[in-house]
Amino acid sequence: MLFPSESALRVDPQAVAGSRDYDIVIVGSGISGAIIAKQAAEAGKRVLVLEAGTGANRSLVGYDDLLTTFYSAAAKDNQSPFPVNANAAMPRSPQLRKLQAGETDSSTYIVQSGPYVSDTTYTRIFGGTTMHWEAKTPRMLRSDFKSRTNYGQGLDWPLSFEEVEEDYRLAEQEIGVSANVEDQSYLGQTFPDGYVFPMRGLPLSYLDQQVNNGIDGTSVDLYGRIYPLKVRPYPQGRNGIPNPAYDGGRGYRPVGAVNTHQVEEGGRCQGNTNCVPLCPVQARYHSGKTLAKAFRMNGKSGQPLVELLPQAVASKVVIDPDSGKVSALEVKVYEDPRSPVYETITVRGKVFVLAAGAIETARLMLSSGLRSTSGLVGRNLMDHAYLLNWALMPQICGTMRGTSSTGGIVDLRDGPFREKQAAFAIDIHNDGWGWATGAPTSDLLELVDDRNLHGRELRQGLIDRVSRQLLLAVMLEVMPVESNRITLDPQFTDALGNMRPILSFTVPEYTMRGAAYARQFSRTVFARLGAQDHTSYDRSDFGYVAYEGQGYAIRGGNHLAGTHIMGTTKTNSVVNKNQRSWDHENLYLVGGGSMPTIGTANVTLTLAAMCFRSGRDILNYLH
Amino acid sequence: MSDRIETFLGLSVELTAFSRFDLLATGLAERYLGTLDKVVGGDTTNTLLAAFAALPPPGDGTRARALRATILGSELLGDVARSLIKLWYSGTWFELPYAWTQRFGAKPADATFVVSPDAYVEGLLWKAIGAHPAGAKAPGYGSWAYPPKIPAFPASDTKADAVSVHLQNVGIMS
Amino acid sequence: MHTHSSIRTLDELKEFLHGAMQLEHATIPPYLTALYSIMPNVNQDAAQILRVIVVEEMLHLTIAANVLNAIGGTPDLTRPDFVASYPAYLPDGETDFEVGIQAFGREALATFLKIERPAARSEHLKAQSPLIHRKSSQHKTVLGSHPRNKDLHFYSIGEFYAAIVEGIKELEEKAKREGQTIFTGDRSRQITSEYYYSGGGELFPVFDLKSALDALELIIEQGEGDGGGIYDDDEHELAHYYRFEELVKGRYYLKGDKPGHPTGPPLQIDWDGAYPIKPNLKVAEISDGSELREATVAFNHRYGEFLALLTRAYNGQPNLLLEAVPVMFEFRNMMLELIRNPLPGHPGLNGSPTYEIGKNTADPYAAHRAEAAA
């Protein structure tokens with residue numbers, strides 16, 4: 001996908017500040033902002049996209065620099081490709097430490113408020129968190145939209161699955177989802193007659209197949225109900241084999257790498273096993289692909305309709321006191337990521353869209369003094385809680401190959417048990433114990449340093465130790481709780497003087513009950529596979545949670561949601577079902593933050609679908 | 001090639017159980033010898049190479065024991081040899097243990113670092129397990145659906161390295 | 001002696017299309033070798049361009065197979081002479097030029113530009129015989145020669161393809177007059193973009209005159225461009241010749257640029273940033289019993305298996321192309337290993353794949369390296 005070369009040039013901040021003809025100003029170049037920008041440009045609207053990061057990764061060279069940074073990093077965590085930029089800082093999980101109740105750690109970008117420490121991350125660069133997402137794209141289940149009605153838990157959405165279904169299809173088209181309808185029609189999921197995904201499903205990994213061989217045909221009994229087990233493929237936002245039957249037989253053309261000059265890369269997934277933190281060949285979707293399409297659209301005068309201003313950190317939403325509408329955004333534009341020197345510009349437009357991710361959007365609202373009528377800005381923070389379970393399979397499974405995750409055990413995503421405990425979906429990680437233990441490097445160190453292996457015994461030891469690894473990552477539902485929240489405090493600021501987010505989070509008991517069951521469930525699966533359970537949770541772990549006499553290390557899922565939830569009235573929510581602010585009619589807060597619940601679906605597909613809805617509402621508003 | 005690099009390769013073959021061809025195929029042999037020189041110094045490196053050269057010849061039943069006694073079990077050389085194994089396998093020089101620096105003196109260049117971006121890519125660990133480094137040397141669409149191709153290595157005392165796999169029933173699904 | 005360039009029979013057309021497949025394949029080993037000779041961390045622009053072109057040559061090979069299948073032929077990449085013996089020779093007007101296996105560098109790039117250069121006859125040559133007679137040695141691979149007589153050379157690749165296009169048109173016209181068609185191939189043998197795709201053009205089924213001509217046009221235009229324009233006809237795809245020229249000029253082309261004058265972002269070339277492989281190396285030159293020799297033979301063996309797999313894919317089992325993908329990635333690793341190893345007895349020179357397929361077929365490596373998967 002070719003960027004027009006002019007979009008690679010740096011837009012002049014003064015020209016942006018002087019401009020009076022933006023129809024829409026969008027904060028953030030992640031998938032939410034990209035979808036709305038593209039929709040608006042298709043309708044001939046003028047759009048400004050503000051991006052806090054440098055935007056260097058718009059060109060292939062810049063993108064490949066991220067890859068080199070990753071190769072060179074001694075610690076390959078999920079933010080390691082992304083250079084440190086104090087002006088647009090982001091959370092980095094290796095920096096965390098265990099906290100006591102009441103203790104605060106402000107040494108990291110997100111100020112952590114103990115005792116629970118979240119290792120959740122998001123990425124503040126061009127493309128947002130789609131630059132490091134794993135790109136699993138399950139839809140939420142029909143029942144997930146009505147969990148209060150169905151199970152007495154969480155909140156109901158102001159929308160039904162049926163109202164969102166068509167937008168799911170648009171999101172699947174935009175992302176380019178590879179999946180087979182027959183694999184995804186479990187737990188009552190239905191698709192319109194004749195629907196196929198844009199590309200065929202990716203094959204299950206050999207590891208998935210080995211796990212399936214051990215559990216297929218078995219079941220578990222939960223509160224008297226039987227749940228059959230099997231390994232099912234995940235839908236994936238990465239290029240596979242185009243399905244000729246897509247779009248009524250018109251097929252689908254996969255979108256490759258973006259660049260400012262002609263290059264062909266980003267075709268079919270090559271199995272780099274590195275979706276997180278960075279697909280080296282851009283086979284995985286990132287929102288730059290959507291933005292590249294938007295940048296190519298020109299207005300009547302031939303001028304590009306969409307402009308991108310990088311190195312621009314929105315710092316204040318300015319409200320007109322008479323109308324209650326947003327009149328402008330104050331934006332700090334820095335010159336160099338290595339220097340805190342910046343100038344503040346004021347940007348005007350007709351509609352403003354905050355699409356900076358659940359934490360940054362809430363941070364911007366709160367730092368502008370906008371808590372909303374409901375007082376819910378920053379509250380109901382959600383992120384999937386992950387419980388990791390790891391074991392050694394009895395046979396060689398060829399771990400460390402595939403996309404990050406091709407399949408999982410997903411039949412406990414729904415059931416009457418959700419009245420009592422959280423549902424979950426399990427990913428089988430093709431990169432083995434990496435997330436839990438730092439494998440395979442940690443295995444190498446242990447075998448060489450502690451077991452004194454070298455030569456043949458070392459080679460054989462590594463095969464035995466790494467190629468048999470199985471990690472079941474249990475992704476647990478987390479319901480909205482008002483006290484789980486983002487707050488600000490003027491004493492904690494970043495290099496540009498913007499207040500940093502303070503995160504207070506307690507894993508709800510509903511989720512912990514699900515976690516306790518998930519641990520037993522994993523042990524059952526391991527027993528059926530004949531796998532040696534190596535799971536252990538350390539008390540000193542920053543995410544350690546005690547529950548009913550047992551301890552569990554909970555990990556964040558980077559599926560941030562809920563800081564500006566949608567609802568039916570201005571007193572029970574921050575935005576309406578179109579993600580428009582109840583209080584400010586020309587302000588849209590979009591993305592995961594609008595989601596009242598997250599079920600057991602990775603949030604990106606759903607929030608992308610919601611943005612198509614918002615895009616239409618914005619265009620209606622402008623007419 | 002100089003005798004020094006030849007000795008270094010011989011030592012590395014013995015420590016890693018990868019052949020001279022495999023080691024040269026990384027394109028990193030000289031850089032790794034240079035890393036040893038830079039981090040622990042030429043003297044210690046030469047001591048290590050000399051200890052290797054002094055081992056009983058291959059085929060002599062005492063060679064394995066001597067390797068353990070004079071290199072892997074040497075107070076000076078053991079940790080250096082282990083760091084060298086880890087370097088070949090991962091492309092990362094891992095900082096020497098605290099006890100070593102306490103005894104033999106801290107070395108300014110001794111920190112944990114990736115020698116170069118390609119050193120990560122050429123780590124032997126991945127080859128040993130029939131996989132590829134995460135983010136590089138991709139094996140191609142759908143390859144993950146098949147059993148791994150784990151290269152055999154020089155015959156060991158047991159037959160454990162020649163496990164065979166049946167390829168049927170593992171067609172690309174869907 | 002047969003000196004006419006026109007194609008008279010369907011069998012002759014099939015031979016020409018085999019020749020086209022051989023020709024399209026013949027560029028892959030030199031491009032791949034140059035690509036993998038590039039040292040890590042340098043020449044990333046050149047590597048990208050070479051990689052794209054290799055992928056497109058694979059596409060062209062497959063398109064030629066589609067056309068051959070469409071007229072009821074049976075593509076065979078396992079014929080003993082299918083893989084060129086390098087250096088091979090390509091027509092360049094009145095003379096041939098040598099296409100060898102060598103490292104990335106100025107010399108390699110000059111050859112690549114010649115391969116892809118649009119060759120137009122000057123006016124005074126236009127009336128002359130389409131075929132040029134030149135005696136070739138018995139052991140030379142001469143690409144773009146007449147399938148029946150390799151001493152007869154086409155003036156250029158373009159004219160070779162033009163002969164195929166004319167042959168298809170005439171034979172189909174003749175068949176039509178008799179109420180028949182030459183497009184009698186089984187459509188299920190066609191390879192479509194489901195099995196293969198890249199940004200550079202799509203695979204489509206060939207089943208009639210129009211689709212056959214479209215297919216051949218894609219091959220011609222991706223190589224040489226559209227007679228003057230740098231992009232092929234849908235303004236989408238930069239022709240190979242101009243991609244290589246970007247490397248010479250040190251700058252990328254943008255849409256609207258004139259040939260020879262790219263105005264896009266600059267690119268960097270490190271002319272020394274390639275491993276010094278011995279050009280056109282043969283297995284016989286590598287010390288007997290060395291690991292390098294074993295690995296070189298093992299590569300040739302694997303490459304032969306790959307061509308056999310492709311042959312099956314082109315003969316009614318298109319699904320096998322998916323299996324061929326991982327094999328191509330496997331080559332990359334095998335080639336990198338050969339190229340980084342010093343060549344015993346040749347100080348300063350490294351090994352290289354030799355592409356001697358069908359020779360030394362026994363795989364001595366098998367015993368050592370049996371891929372024990374576990």
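In this predicted model, 46 residues of chain B are in contact with 49 residues of chain A. On the side of chain B that touches chain A, at least two residues each are supplied by the helices α1 (3-16), α6 (77-90), α8 (117-121) and α9 (124-128) of chain B, and likewise by the strand β2 (113-114) of chain B. Among these contributors, α6(B) gives the most to the side that touches chain A, namely five residues. When the residues on this side of chain B are sorted by character, 31 are nonpolar, 11 are polar and four are charged.

Chain C, considered next by itself, contains 10 helices and five strands. Of the 374 residues in chain C, 48% are buried. Contacts between residues that stand 24 or more positions apart make up 67% of those contacts in chain C whose separation is 6 or more.

The domain assignment of chain C gives two segments, domain 1 (10-249) and domain 2 (283-367), and these domains touch one another, with 22 residues of domain 1 of chain C in contact with 19 residues of domain 2 of chain C. On the side of domain 1 that touches domain 2, the elements giving two or more residues are α2 (28-37) and α3 (44-70) of chain C, and the largest share of that side, five residues, comes from α2(C). This side of domain 1 of chain C is made up of 14 nonpolar, six polar and two charged residues.

A further feature of the model is its largest nonpolar core, which has 333 residues, and in which A:Ile26, A:Ala37, A:Val353 and A:Leu470 touch the most other members. The largest share of this core, 14 residues, is nevertheless provided by an element of chain C, the helix α3(C). Because domain 1 (10-249) and domain 2 (283-367) of chain C both give residues to this core, the core lies between them. In soluble globular proteins, nonpolar side chains tend to be buried together.

The surroundings of one of these core residues can be described in greater detail. If residues up to four places away in sequence are left out of the count, A:Val353 touches A:Ile24, A:Ile26, A:Val27, A:Gly33, A:Ile36, A:Tyr588 and A:Val590. One of these partners, A:Ile26, is itself listed with A:Val353 among the residues that touch the most other members of the core.

Note on methods:
Residues are numbered from 1 along each chain as its sequence is written. Chains are lettered from A and ligands numbered from 1 in the order in which they are written. This is a predicted model: local features need pLDDT of at least 70, side-chain atom pairs count only at pLDDT 80 or more; totals for chains, interfaces and linings use all residues. Two residues are in contact if their C-beta atoms, placed from the backbone, lie within 7 Å. Helices (H or I, at least four residues) and strands (E, at least two) are DSSP runs, numbered from the N terminus. Ala, Val, Leu, Ile, Met, Phe, Trp, Tyr, Cys and Pro count as nonpolar, Asp, Glu, Lys and Arg as charged, and the others, Gly among them, as polar. A residue is buried if 20 or more other C-beta atoms lie within 10 Å of its own, exposed if 12 or fewer, and partly exposed in between; C-beta atoms are placed from the backbone. Domain bounds come from an automatic or database domain assignment. A nonpolar core is a set of buried Ala, Val, Leu, Ile, Met, Phe, Trp, Tyr and Cys residues joined through C-beta atoms within 7 Å.
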